[in-house]
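Q: Could you take me slowly through one part of this protein, showing how its pieces are arranged around each other?

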Amino acid sequence: MTQNEFPDRTGTTLNGAQIIWESLVREGVKVIFGYPGGAIMPAYDAMIQYPIHHVLTRHEQGAAHMADGYARASGEVGVCIATSGPGATNLVTGLATAMLDSIPFVAITGQVPSHLIGTDAFQETDVTGVTLPVTKHNYLVDRAEDIADTIREAFYIARSGRPGPVLVDITKDAQQQSCTFEWNTDPIELPGYRPEYNPMDADLDEAARMIRDAKRPILFAGQGVVMSGASDVFRQFVEKTDIPAACTLLGLGGFPATHPRNLGMMGMHGESWVNSAIQDADLIIAVGMRFDDRVTGNLATYARKARKIHIELDPAEINKNVRVELPIVGDAKDVLSRLLPRVEKAERPEWLAHIDEMRGDSAVRDIKDMPDHGKLYAAHVIHDLYRYTEGKALVVTDVGQHQMWEAQYYKHDYPRRLVTSGGLGTMGFALPAAIGAKFACPDENVWVVVGDGGFQMTMTELTTCLQEGIKVNVAIINNGYLGMVRQWQQFFYGGRYVSTPMVSPNFVMLAEACGAKGIRVDKRDDVEAAVRAAQAHPGTCVVEFVVEQVDAVYPMVPAGADLGDMIRREKPGQHNPIYETGKDD
Ligand SMILES: Cc1ncc(C[n+]2csc(CCOP(=O)(O)OP(=O)(O)O)c2C)c(N)n1
């Protein structure tokens, strides 16, 4: 049965479990990720009557990340479902991940029957209590007649304004009770919830004046550019004003990486010339971002010479970390579309030449262009992955060094083609999020870039790929360490590598045991063939890239340091113990 052939059951008597699915179908849900259990069994039993595909995950954390990956790749609301107690608590990491990155998804959980609430019943947990700080909103529903309206509200809250995850906890008896099913289509109005803002013309005029007067302006693209669909107007804005633009990690792809005015990523592992340009700028125009500490470094010394315009949907973000001269609260696409006709066409050769000069000094430190002495470095792998996927893959990364190398060396020209956990930095995110992304975009060439540590957190989801018959390509960057933590130990803890060397299983055999193809590569010359073989294989393929164990992501702004105060990779000819010996001595 397709969703179009679906009979209209409004006005008929249904049970709460059926109403859950009726509501989800009406919200346009086609796929849901979940794991069954006692308190959600009525809902699972009713599911069979509905045109929604259920993906049985191997862990509820996987279900939450899949819903999240689905939402990030498609721009639609993702949905996951779990039972009460341990099922629901296993969603918490996924909810927190989505919360910090403003990702819209709805989690449905079963709860013990209402008469048992508060009795420490089997698998009872106060799920609304547990998830309150990691959801945009949550609900406990204990009557069948409240289910439809609650689910409708949950979707509205998840997708409106600044998006976020919403949880609906439904008692088992509410799923079993019957009532007349009604689907309200009136606009939703919630007291105290004002998701839309209309910026004043006077503020837009003032912004245009500030831009006209600036000599060294810089634009920032945050995730708001991607999420509001502002990429095109952002590019037009750059081209008209000739203002160079930098991206946050989650803003990558919001403005094409290969555009001549794209400076690259800012922040802790951003490009050194970007961080220097920020410290030199006289005007910052930040669009859809929240000045995270990984972006600003020391707030006291951050961009002191710059006046600041902050275009942001969520008024709570204004002046939270960085004080700004001109806040403009509104949707990025809407604000930029109204600002574009107000700004003057300009050219900024001096400012751009100054930034290029700084870029020149960095280019000679680029590991990609250094002799590799026959060794395989992670940066080479990512760069080659970019080449042999022609920059068109949908890449889902995990968290660690490989994530930063991906951000530096895979040039994303399109929005929603990089899926990564930014705010929470959740290891174990990549494989399940990639499965969600593959369901959202079945025709995309989906690549997972993951460390040997993070892969081992959720690698069980490989069998979800097997069960669903879906294909994702997995690039494990195996450096034998929890690399990013090892790097901090190297720089800040005297090289005492406590609990970061990591033993891995035979990933090729593991992949084969899970019904996937497995390939191991330890030479640069073999990277191309492996990427091509993975892409040609009809099913899921895992490529283990065995890379140099001791390498660091450069540049690095130490946590809390001045943004301009970066640890740099040595220039060729300078002493570089890592490159000369392959050992950290
Ligand atoms: C769930 C979780 N636990 C711990 C961390 C802390 N952490 C950040 S990066 C990292 C190391 C990642 O190692 P690996 O997955 O091998 O990737 P690499 O850094 O080597 O590329 C750790 C432990 C985290 N981000 N998430």
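A: In this predicted model, a good place to start is the pairing of strand β9, residues 217–221, with strand β12, residues 283–287, which run in the parallel sense and are joined over five bridges. Within this pair, F220 has A286 of β12 as its bridge partner. As background, the strands of a sheet pair through backbone hydrogen bonds, and they may do so in either a parallel or an antiparallel way.

The two strands belong to an open sheet of six, whose order is β11-β10-β9-β12-β13-β14 and whose pairing is parallel. At its edges lie β11 (262–265) and β14 (326–329), each of which pairs on one side only, and from one strand to the next the twist averages 15 degrees.

Helices pack against this sheet as well. Helix α11, residues 231–241, lies across β9, β10 (245–247) and β12, and its direction is at about 170 degrees to that of β9. Helix α14, residues 332–339, touches β12, β13 (307–312) and β14, making an angle of about 125 degrees with the direction of β13.

Turning to the side chains, the largest nonpolar core has 68 residues, and F234, I309 and F545 are those with the most contacts inside it; helix α16 (residues 378–388) gives the most to this core, contributing seven residues. If residues up to four places away in sequence are set aside, the contacts of I309 include L283, I284, I285 and A286, together with L326 and I328, and also A207, M210 and I211. In soluble globular proteins, nonpolar side chains tend to be buried together. A second core, separate from this one, has 51 residues, among them C80, I435, V474 and A516.

Technical notes: Residues are numbered from 1 along each chain as its sequence is written. This is a predicted model: local features need pLDDT of at least 70, side-chain atom pairs count only at pLDDT 80 or more; totals for chains, interfaces and linings use all residues. Side-chain values use heavy atoms; hydrogens and water are left out. Two strands pair if DSSP finds at least two bridges between them. Helices (H or I, at least four residues) and strands (E, at least two) are DSSP runs, numbered from the N terminus. Axes are lines fitted to C-alpha atoms, for helices over the stretch in contact, and angles run from 0 to 180 degrees between N-to-C directions. Contact means heavy atoms within 4.5 Å. A nonpolar core is a set of buried Ala, Val, Leu, Ile, Met, Phe, Trp, Tyr and Cys residues joined through side-chain atoms within 4.5 Å. Buried means under 20% relative accessible area, exposed over 50%, partly exposed in between (1.4 Å probe, protein chains only).
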